[in-house]
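Q: Could you take me through one part of this structure slowly, strand by strand? I would like a close look at the sheet in the second chain, and then a word on what surrounds it.

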Amino acid sequence: MTYSLPMGRKFPKITIDLTKCKVPFLCKKCLQACPMAVFNVTRVMSKEKRLEEMDPRIDGNYVLRAPRRDKCTVCNLCLDVCPVDAIKIDIPKQGRQKVETESVKKSKQEKPGAVAQDYFAELKKQPYPLFIAPKPYSFDLNEDMVQMVRKDFDPDKVTNALSTAVKGKNKAETQKAGEAFFKDMGEKWMRRTIQLGDEYYDRTIEMILEAVDRQGKQFLVFPHVLQRYVEIAYLATQDFLKVPVTLNNANELAYRIPKCALYGRIQEKVGEDFAKLMTCKDYCRSALAVAQKQINMDLLIDQPATTAKEGFCEFTMHKL
Amino acid sequence: MCNLCEQFGDPKHGNGLWYLNPTNYARNMYKLRAPGEGFQGAEAGLETGARRGPSQMDLLNAIENDDYTEYDRIRKILLAGGQGSQVVPLKDADEVLELCSPIGLIACICRKDLRAIDERNELEYTCMGMGVGMLKWERWPERYKGGVKFVNVDEAKEWNHEMDRRGFVHILMLFGAPYIGGFCQCDYPDCGAIRSAVDFGLGPIKGHYVAMVDYEKCNGCGICAQRCQWGALKFEVTNEKANIDLFKCYGCGLCQTGCPRGAINLLERSSVPAVAEVWR
């Protein structure tokens, strides 16, 4: 269905005297009265102040506008309720006829004495609960924490340790040594992440831990607490700036690692053949096992895609 | 198939419906910032992101000036920009809530702007924010006022059913395609989305269903006529039964959930040839 308004139709002109209507947020009588919700009260916003809270009790922070004047029928209910006589409605000439009804005449009359008393002074005395941030905080990860994890588990450092571990061994032995190395290293990696992650809180994790359901339980532990550990661990050791999370809901968490930095280093330093064995998957798997133990939840952890085969690693965790 | 399904649907999930593809709800909780990088896009503030380009007020001016070229130009821009929301019936809404985490109840933005209800009113917490964006909602203190009430999946479903009983339409909101970030509970004329749709033919795209009356079961009680927010369902006086204009129907399913006799069926939009590709 294509919808169109008749072209050339003139809508009522609604002018709002902002010198009279100073703090519309506290009053809003016209918004309540208007049958077609023609008015709205919006914040006056500058680009610099967009992340700040504005007190609606202060003059000029909020303004009254009439964005939907196409629906105005000039019923003048707003004029009746306006305590400061700030609204004027002018009905334009429609076709050949200029409408001059009683209601139009009324809209042009001044309300005597309406402006004289300071109507808003009383309203401003009422308390309005402002949201005040409990403390200065950041929603992002702590930079120092990320650097600390990176210092110990940089892909270069891990690969160097690996090449010493597998040096001078035959093929079967290398695989075994690689698996054992990565299993141990992965556990260390996640333990360090958890230790630092719990030490350096940010507002995002606080929000999760503050969320409690009606039975008094924290219910966002899966997937979000686990997701946070995973994100810290990978952001600190990979080259990307955000972890490609493909699923996160109450039952599942899944993410991908495209162009794994560690896999690349192994290819370079230890060799293509060794990298193809994907012994490094034990690194991520054992790390996830440690994180699972930390949140104490039964999960089915799977790896449907590997870098050697598909070109990216994918890990899925399903809540049992 | 609507535009959104073609782009973001997955045939493996929910018959290819884009909003039943769980990937569209997933997002990272954190990102590292390059040195000197500030907030950009939606992160920079909801209002600053949304108010770019012409508005519907410019559309009204074009109509008054009888300038059809300008009207057409603005309308096309608004049509393209409004591809970010879709009407979803209750039965699909239940499935949607299974796919995202966390879910938080927040104060409705439209009703705060257009009606004198704000976060101090208990009834104001109708709308749901979905996904990890809710964890950072506090960053915009104006919008955060009153806080976010996090609910689990069962509570969210219960709330949705309660909203349906009260008569609100459920509209899914995209926050940067394909990420789905909100679930609004809307009615006319308080809600910006439904107003755009009914007054200008802009706003949310129609749902994947249309409602049809089963004339044998309908007894003409008229309850459904009170629930339609789109002006599509009327009480037909001649035969004393409900009458639905399928071209106006958005497929929200409110008439169906409200009907005490089960006389209204929600059909797949694709099964009705004339409206199969009518999305606005």
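A: Here is a walk through the sheet of chain B, followed by the contact between the chains and a helix pair in chain A. Please keep in mind that this is a predicted model.

Let's begin with the overall layout. The sheet in chain B is open and has six strands, in the order β1-β5-β6-β3-β2-β4, with antiparallel pairing. At the edges stand β1 (85–87) and β4 of chain B; each has a single partner strand, so one side of each is left without a neighbour in the sheet. From one strand to the next, the twist averages 25 degrees.

Now for a closer look at β2(B), which covers residues 103–106. In a regular strand, side chains alternate between the two faces of the sheet. In β2(B), B:Ile103 and B:Leu105 point one way, while B:Gly104 and B:Ile106 point the other way. All four of these residues are buried.

Next come the partners of this strand. β2(B) is joined by four bridges to β3(B), residues 127–130, and the two run antiparallel. Within that pairing, B:Ile106 has B:Cys127 as its bridge partner. β2(B) is also joined to β4(B), residues 149–151, by three bridges, and this pair runs antiparallel too. Here B:Gly104 stands opposite B:Phe150.

A helix belongs in this picture as well. Helix α9 of chain B, residues 192–200, lies across β1, β5 (169–174) and β6 (180–186) of chain B, and runs at about 70 degrees to β6(B).

Stepping back to the two chains, their contact takes 52 residues from chain B and 56 residues from chain A. On the chain B side, the elements that give two or more residues are α2 (46–50), α3 (56–64), α4 (68–81), α6 (109–114) and α7 (141–144). The largest share, four residues, comes from α3(B). By class, this side of chain B has 28 nonpolar, seven polar and 17 charged residues.

Finally, a helix pair in chain A. Helix α6(A), residues 143–153, packs with helix α8(A), residues 171–199, at an angle of about 160 degrees, with the axes 10 Å apart. α6(A) and α8(A) are therefore roughly antiparallel to each other, and their crossing is right-handed. The contact is made by A:Met145, A:Met148, A:Val149, A:Asp152 and A:Phe153 of α6(A), together with A:Trp189, A:Arg192, A:Thr193 and A:Leu196 of α8(A). These residues divide into six nonpolar, one polar and two charged.

Technical notes. Residues numbered from 1 in each chain as written. Chains lettered and ligands numbered in written order. Predicted model: local features only at pLDDT ≥ 70, side-chain atom pairs only at ≥ 80, totals over all residues. Contact = placed C-beta atoms within 7 Å. Nonpolar A, V, L, I, M, F, W, Y, C, P; charged D, E, K, R; others polar. Axes fitted to C-alpha atoms, helices over the stretch in contact; angles between N-to-C directions. Parallel < 35°, antiparallel > 145°, perpendicular 65-115°, else oblique. Left-handed = near helix turned anticlockwise from the far one by under 90°. Buried ≥ 20, exposed ≤ 12 C-beta atoms within 10 Å, placed from the backbone. Pairing = 2+ DSSP bridges.
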